[in-house]
Amino acid sequence: MATICDTCHAGCCRAFILQITAYDALLISRDIGLPLSEFVTILSVSPEQFPNTIAFSDTGLQDQRFVLTLKKVESTVAPSTKKCYFLQEWQRIQVIEHRGSHPGARTIGRCGIYGSRPLMCQVYPSSLDGTGTIGYVVSPTNKEASHEIYSVCPEPWSAASFAKEPAAALHSLSLYGYEKNFFDHAIAEWNRNPGPISEFMAYMSNIYENRLRLGASVT
Ligand code: SF4
Ligand code: SF4
């Protein structure tokens, strides 16, 4: 079943900060063959808004906290606005009339790394309930849009259309929960004795390469 995303201008890939995990970054780097420095950046954020933020020891950064995110670059269809580094975009020749003046009527945006996109992108805009068994989708809003291109979903979501494959969507949500939890633990370890930015991804890469071990678990 098709979803609105298939024909949308991808306002969510333009407007929001996409918090990725080291797993996402390392997978994209491996699949696309790009060095991490090409597409990953760190963003200084408020710990109140973003739980499990990263600390660094570099001079001038010790009082700040950071998240990993994908770089943003200038949009070609909406100059002076930003979009995800990986978002491909075009102006439609035939507009979608019933979307009226919404940018999703005239513009289309598609993920350029769809098969390797971060887990947060895969599950957006859905989440699991408290028991981890039922998935929910909530129509996103962006009331602070400074440009129309940052508007999100051109049509309302329905529960029936939130996933092409409901089981696959739930599996993605479960995997997202696992990877987020794993990265949170890895960040907590790093933050016990934070090093410089230049060492962070090598530290994470080592953890991820060694997380499947032979032998009995230690509890
Ligand atoms: S990786 Fe793809 S889905 Fe995720 S924000 Fe970028 S363009 Fe959008
Ligand atoms: S979640 Fe909304 S804004 Fe993002 S691609 Fe889908 S329909 Fe468009």
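**Exercise 1. Locate N52 in this predicted model and describe its backbone and its exposure.**

Step 1. In the predicted model, N52 lies in the loop that runs between β1 (40-45) and β2 (65-70).

Step 2. The phi of N52 is positive, about 55°, although N52 is not a glycine. As background, most residues other than glycine have a negative phi.

Step 3. A residue is buried if 20 or more other C-beta atoms lie within 10 Å of its own, and exposed if 12 or fewer do. N52 has 17 other C-beta atoms within 10 Å, and therefore is partly exposed.

**Exercise 2. Determine where A10 is found, and whether A10 is buried or exposed.**

Step 1. A10 belongs to the segment before α1 (12-15).

Step 2. Although A10 is not a glycine, its phi is positive, about 65°.

Step 3. A10 counts as buried because it has 22 C-beta neighbours inside 10 Å.

Step 4. A10 is among the residues around ligand 1, and A10 is also one of the residues around ligand 2.

**Exercise 3. Compare the residue classes in the shells around ligand 1 and ligand 2.**

Step 1. Around ligand 1 stand A10, C13, L18, L70, C84, F86, L87, C111, I113, R117, P118 and C121. By class, this shell has 11 nonpolar residues, no polar residues and 1 charged residue.

Step 2. Around ligand 2 stand I4, C5, C8, A10, G11, C12, Y124, P125, P140, V152 and C153. By class, the shell of ligand 2 holds 10 nonpolar residues, 1 polar residue and no charged residues.

**Exercise 4. Describe the surroundings of P140 and the peptide bond before P125.**

Step 1. P140 sits in the loop between β8 (135-137) and α5 (166-192). P140 counts as partly exposed because it has 14 C-beta neighbours inside 10 Å.

Step 2. Leaving aside residues up to four places away in sequence, P140 touches C12, P125, V152 and C153. Of these, V152 is 12 residues from P140 in sequence, and the C-alpha atoms of P140 and V152 are 6.8 Å apart.

Step 3. P125 is placed in the loop between α4 (119-123) and β7 (126-128). The peptide bond joining Y124 and P125 is cis, with omega about 0°. In general, most peptide bonds are trans.

**Exercise 5. Establish how α2 (22-32) is packed and how it is oriented relative to α6 (197-209).**

Step 1. In α2, the buried residues are A22, Y23, D24, A25 and I28. These buried residues pack against α3 (36-39), β1, β2, α4, α5 and α6.

Step 2. The axes of α2 and α6 come within 10 Å and cross at roughly 90°. Therefore α2 is roughly perpendicular to α6.

Step 3. At this contact, A22, Y23 and L26 in α2 meet M201, M204, S205 and Y208 in α6. The residues of the contact divide into 6 nonpolar, 1 polar and no charged.

Step 4. After α2 comes G33, whose phi is positive, near 75°.

**Exercise 6. Describe the span of α5 and identify its buried residues.**

Step 1. α5 has 27 residues. From its first C-alpha to its last, α5 reaches 39 Å, close to the 39 Å expected at 1.5 Å a residue.

Step 2. L173, Y176, E179, F183, A186 and I187 are buried in α5.

Step 3. An α-helix has 3.6 residues a turn, so residues three or four places apart point the same way.

Step 4. The buried residues of α5 pack against α2, α4, β7, β8 and α6.

Key:
Residues numbered from 1 in each chain as written. Chains lettered and ligands numbered in written order. Predicted model: local features only at pLDDT ≥ 70, side-chain atom pairs only at ≥ 80, totals over all residues. Near = placed C-beta within 6 Å. Nonpolar A, V, L, I, M, F, W, Y, C, P; charged D, E, K, R; others polar. Helix = DSSP H or I, 4+ residues; strand = E, 2+ residues; numbered from the N terminus. Contact = placed C-beta atoms within 7 Å. Expected span 1.5 Å × (residues − 1). Axes fitted to C-alpha atoms, helices over the stretch in contact; angles between N-to-C directions. Parallel < 35°, antiparallel > 145°, perpendicular 65-115°, else oblique.
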